[in-house]
Amino acid sequence: MSTLNGGISARTLALFLVILFAMAANPGRAENVWVVAPYMEEPGTQLMVNAFENIAETRGWQVQLIQETIQLESLLTNVIGTENQPDAIVINLSSDLIHSSLEAATVASIPIVGMDADDSPLLLTNVTSDAFAMAAETSSFVVEALEG
């Protein structure tokens, strides 16, 4: 099983996010979670998003993956206050890039969690991997694959 942050599994990280949403979400309606992850080509991002999607699926949540930040700006503008607005948002980028969207979501009482994002008062929390440990693992893998 792949690990993050010096031994914490991606599944544990995703489970932590699930618990946060369970605490923040309205239990009387179906869960609709938007995951904003424009850098899906990065293995660490893929690992976290895939783990989150797998657990969300077991909970019956609908996950909408948004890979372009500009799309989030227009989506939130059009859906805040409608029955189609998300119940929660997970972001995997700097909150500064989509600040106005996150402000609108906060005003609409939509919980926002960062996943390798940044420290922002608009986020309930930010779950961060250990980039140094991941780089050390990756570089060791490359050296071994190249046989020195």
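If you follow the chain along its sequence, the pattern you meet is β-β-α-β-α-β-α-β-α-β-β-α. In total that makes 5 helices and 7 strands. Please keep in mind as we go that this is a predicted model.

Let's start with the sheet. What is the order of the strands in the open sheet? Reading across, it goes β4-β3-β5-β6-β7, so to speak a row of 5 strands, and the pairing is parallel. At the edges stand β4, residues 62-66, and β7; each has a single partner strand, so one side of each is left without a neighbour in the sheet. From one strand to the next, the twist averages 20°.

Now zoom in on one pair. Strand β3, residues 32-36, runs parallel to β4, and the two are joined over 5 bridges. If you want a spot to click on, try Val-36, which has Ile-66 of β4 opposite.

Next, the helices that lie across these strands. Helix α2 covers residues 43-58 and lies across β3, β4, β5 and β6. Its direction is at about 160° to β4. Helix α3, residues 69-79, lies across β3, β4 and β5, and runs at about 155° to β3.

Let me show you two valines. Is Val-127 buried or exposed? Val-127 sits in strand β7, which spans residues 125-127, and it counts as buried because its relative accessibility is 9%, with the cut-off for buried being under 20%. Val-127 and Asn-92 are 35 residues apart along the chain, and their C-alpha atoms are separated by 9.7 Å.

The other valine is Val-142, in helix α5, residues 131-145. Val-142 has a relative accessibility of 39%, so it counts as partly exposed. Which residues form a nonpolar patch on the surface with Val-142? They are Phe-141 and Leu-146, and together the three have about 340 Å² of accessible area.

Finally, let's step back to the whole chain. It has 148 residues, and 40% of them count as buried. The chain exposes about 8,200 Å², with carbon and sulfur atoms supplying 53% of that area. And how do the contacts spread along the sequence? Take the contacts between residues at least 6 apart in sequence: 63% of them join residues at least 24 apart.

That's the tour, and I'm happy to go back to any part of it.

How values were computed:
Residues are numbered from 1 along each chain as its sequence is written. This is a predicted model: local features need pLDDT of at least 70, side-chain atom pairs count only at pLDDT 80 or more; totals for chains, interfaces and linings use all residues. Side-chain values use heavy atoms; hydrogens and water are left out. Patches are made of residues with over 30% relative accessible area and no salt bridge: like charges are joined within 9 Å, nonpolar side chains (Val, Leu, Ile, Met, Phe, Trp, Tyr) within 5 Å. Accessible areas come from the Shrake-Rupley method with a 1.4 Å probe; for residues, only the protein chains shown count as cover. A salt bridge is a side-chain nitrogen of Lys or Arg within 4 Å of a carboxyl oxygen of Asp or Glu. Helices (H or I, at least four residues) and strands (E, at least two) are DSSP runs, numbered from the N terminus. Buried means under 20% relative accessible area, exposed over 50%, partly exposed in between (1.4 Å probe, protein chains only). Two strands pair if DSSP finds at least two bridges between them. Axes are lines fitted to C-alpha atoms, for helices over the stretch in contact, and angles run from 0 to 180 degrees between N-to-C directions. Contact means heavy atoms within 4.5 Å.
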